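Biologist: I have a structure open and would like to learn how to read it. Could you take me through some features one at a time?

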Amino acid sequence: MPITKITALVATIATLMGCPPQNTSIDMIITGNTIYQGSNKAPIKGVIGVDAGKIIFIDENIPANLQANTVINANDMVIAPGFIDPHTHACNDFTDNAIPNLNANYTTQGVSTVFCNVDGGGNVNVEETFNQYEQQGIGTNVALYIGHGSIRKAVMGRVNRAPSSDELTQMKSLIEKAMKAGALGLSTGLYYVPGNYATTAEVVELAKVAAQYNGVYDSHIRDESSYSIGLLAAIEEVITIGEKAKLPVHVAHIKSLGVDVWGESKQVIELIKKARDRGIDVTADQYPWRASGTSVAGSLMPREILAGDKSEYLARVKDDAQWPELKAAMQENLRRRGGADSLLVSDPTRTDLRGKTLAEIATLWKLSPIDAARKIIISGNARVASFNMSEPDIKAYMVQPWVMTSSDGSPGHPRKYATFPKKHAEFVKQKQWLTIGDFIDKSSSLTAKTFGLKDRGELKVGYAADIVIFDKNKFMPKADYINPEELSEGVQWMVINGELAISQGKLTNNLAGQAIRQNQVTKVNQ
C-alpha cells in the first residue's frame, strides 16, 4: 500500500479512537478552564480539537506536535455545546439575501440549531425547503417539521369541517413524503385556524404516519387557558395522541396562560408525570418570559370568526349585525388575558401604536378597549406582547427535567433576540432557579436527545463541532418589549460545524449551517 494511503489510514483510525494524528495540522484548537460537555456533567479544564467540522479530541493538554489553523484560548469563559432551539419561526427570515440568512439574532444567543415549521405551519414540501437552504447557505443548522395546518390548507383550505376520506388520504401522503425527506415529525397548531377545526381523531390518524418513520408529535396545544376545552383537557389531548398514535409527544411553549388557569401548572405537571410513568414519552419546551407574543386578533378573536381567507374574516369583524355578539366574546378573551393593560403593542411595523397598551390606545382614541381592538384589526392588525403568565407557574415548569429552552421567536417580541441570555442572566445568575449545568443541559443536550439529533447537543469526540463560548458575566439580553430587535451580547466565539460564526464577539458572515435531515426513511414495524 502506498505510504500516502497508510498515513491517511492511520490518521483516520487515530481520529476515530479520539487520538489526533501526530505531526499534523487541524482546523481548530480550543483551550479553556470551564468546559461543559453537556448532559449536566461537571465542567472540566482542557483542550478541544476540531477538524473537518467534527470534534476529534477532548483532552487535558494539547497533544505534542499538533498545530491548528485557529487557536482559541477561552480562559475562564464558559465553553458549551451550541444551543438547540426546538421552537422558532426563524425560517420566515431566510431569503436569497445572504445577510438575513446569517440568523444573527440566534447565533448571538449561542444557538447553533433551530427547528422550523412549528405550530402546524411552513412549506409542505420539506425536501424543497432543505434544498433551498443548502443552495443559498444558512447561518445555523435547521431542522424541519411537517405542519398539519399547512397540509390541511393545501388539501382542503381553511374550512371548518372534518376531511373526507380522500382528503385524509391526501394529507397522509403529504406527511409521508415529508418524513421520507427527513422531517422531525408532525407539528400542529390546534389553537390556530385551520388546525383548530381538526378533531383529536383526525390528528391521531395523521400522527400515525409520522410514527411509522420514527417521528415525533409537537403541538401548540388546543387551549393554554380557558378559551375552549381548557388547559388540562388540552394536555390530556396531547397525551391521548401519543398513546393512540404510539409516538413521542411534545408540548410547545408550555404555559398557564391567563388568570383563569394560574396555578394549574401543578395539575399539568402531575398529568405529564403520570403519562411518563406509564410509558408515554411526553416532553415540553418553554420560553422564559412572562409575556407571550401574538397579535390583537390572535389574542382576542374567537377561532370560528377567523375561518376562510382574510377578506372573509374581516367582513365578519366589520359586520355591525354580528358585532354585539363578537364584542362580548372578545371582551371575555380580554378578561382571560388580564385586561387591556396586559396587551402591549410591540409591532415594529406599527410605529403609530408601538409602546402603548391597548388601554392607552383606547383612551387616546376615546373608545372602549374592544372597539379599539376592532379598529386595530381592521387597519391591519398588530403584534402584541401579552402579559398573561404568573411567576410561580413559570418556575414550576422550568425546573422539570423534561422541559427544555425555546424561544418561539416572532416579530415584535424580545424572545426572538434574547431568550437564552435572558434565561441565563435572570434564572441562573439572579434568581438561581437553575444551575449553569441545568441551563446548558436544557439548552442543548436534553433537546438533542429528545429529538434524536445523535451527533449534536454535547461536546463529544465524533460529534459535530457546534460550540458556544460565552463570558458568563457579559452574556446578557439587550432586547426588551419596546426595543425587541437588539442583538444579545456576551458570546465571544460561536463555532458551527467547525466554522466560526462569531469571532471575538463579532459576526464573521459565515454561512456554516446545515440542513438536519432525520434518519427516518425506513418504516418501523407496526
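Biologist: Let's start with A448. Which helix is A448 found in?

Modeller: Keep in mind that this is a predicted model. A448 belongs to helix α16, which covers residues 436-451.

Biologist: Is A448 buried or exposed?

Modeller: Buried means under 20% relative accessible area. A448 has 3%, so A448 counts as buried.

Biologist: And which residues is A448 in contact with, beyond its neighbours within four places in sequence?

Modeller: Setting those neighbours aside, you'll find I84, L453, R456 and G457 in contact with A448. For a sense of distance, try A515: 67 residues from A448 in sequence, and 15 Å away in space, C-alpha to C-alpha.

Biologist: A515, noted. What about the nonpolar cores: which residues touch the most other members in the largest one?

Modeller: That core has 93 residues, and V142, Y217 and F470 touch the most other members. Take V142: leaving out residues up to four places away in sequence, V142 touches C91, F94, V114, C116, F130, Y133, Q514, A515 and I516. So A515 turns up again, this time on the list for V142. There is also a second, separate core of 30 residues, with Y197, I305, V317 and I361 among them.

Biologist: Now for empty space. How do I look for that?

Modeller: Rolling a probe the size of a water molecule over the atoms shows where empty space is left. Here the largest pocket holds about 1200 Å³ of space.

Biologist: Which residues lie nearest the centre of the largest pocket?

Modeller: Its lining has 47 residues, and H89, N92, D119, Y192 and R383 are the ones nearest the centre. Several elements each supply at least two lining residues: the helices α3 (126-136), α4 (148-156), α9 (296-300) and α10 (310-318), plus the strand β14 (291-295).

Biologist: How many residues of that pocket lining are nonpolar, polar and charged?

Modeller: The split is 14 nonpolar, 24 polar and nine charged.

Biologist: And closed spaces? How many cavities of 30 Å³ or more does a search find?

Modeller: Five, across the whole structure. The largest cavity has a volume of about 140 Å³. It is lined by 17 residues, and Y192, H220, E224, L257 and R337 are the closest to its centre. You met Y192 in the pocket, where it is one of the residues nearest the centre.

Biologist: Which element gives the most to the lining of the largest cavity?

Modeller: β14 does, with three residues. The lining of the largest cavity divides into five nonpolar, six polar and six charged residues.

Biologist: Let's try a loop residue. Where does S410 lie?

Modeller: S410 is in the loop between β17 (403-405) and α15 (415-430). With a relative accessible area of 6%, S410 is buried. Its side chain makes a polar contact with the side chain of R415, at 3.0 Å. Outside its neighbours within four places in sequence, S410 is in contact with H89, R383, R415 and K416. H89 and R383 should ring a bell: both are among the residues nearest the centre of the largest pocket.

Biologist: What about the backbone? What should make me look twice?

Modeller: Most residues other than glycine have a negative phi, and most peptide bonds are trans. In this model, the peptide bond from V193 to P194 is cis, with omega near 5°. P194 sits in the loop between β10 (185-189) and α6 (200-212).

Biologist: Which residues other than glycine have a positive phi?

Modeller: A52 is one of them, with phi of about 50°, and N65 is another, with phi near 65°. A52 is in the loop between β2 (44-51) and β3 (54-59), and N65 in the loop between β3 and β4 (66-73).

Biologist: Is A52 buried or exposed?

Modeller: Exposed is over 50%. A52 has a relative accessible area of 66%, so A52 counts as exposed.

Biologist: What lies in between?

Modeller: Look at N125, in the loop between β7 (111-116) and α3. Its relative accessibility is 21%, so N125 counts as partly exposed. For contrast, G215, in the loop between α6 and β11 (216-220), is buried at 1%.

Key. Residues are numbered from 1 along each chain as its sequence is written. This is a predicted model: local features need pLDDT of at least 70, side-chain atom pairs count only at pLDDT 80 or more; totals for chains, interfaces and linings use all residues. Side-chain values use heavy atoms; hydrogens and water are left out. On a 1 Å grid over the protein atoms alone, a cavity is a set of points where a 1.4 Å probe fits but cannot get out, and a pocket is an open set with protein on both sides within 12 Å along at least five of seven lines; lining residues have an atom within 4 Å of a point. Grid points are joined across faces, edges and corners, and a volume is the space filled by probe spheres set on the points. Helices (H or I, at least four residues) and strands (E, at least two) are DSSP runs, numbered from the N terminus. Ala, Val, Leu, Ile, Met, Phe, Trp, Tyr, Cys and Pro count as nonpolar, Asp, Glu, Lys and Arg as charged, and the others, Gly among them, as polar. Buried means under 20% relative accessible area, exposed over 50%, partly exposed in between (1.4 Å probe, protein chains only). Contact means heavy atoms within 4.5 Å. A nonpolar core is a set of buried Ala, Val, Leu, Ile, Met, Phe, Trp, Tyr and Cys residues joined through side-chain atoms within 4.5 Å. A polar contact is a pair of N or O atoms within 3.5 Å; within protein, one must be able to donate a hydrogen and the other to accept it, and residues adjacent in sequence count only if both atoms are side-chain atoms.
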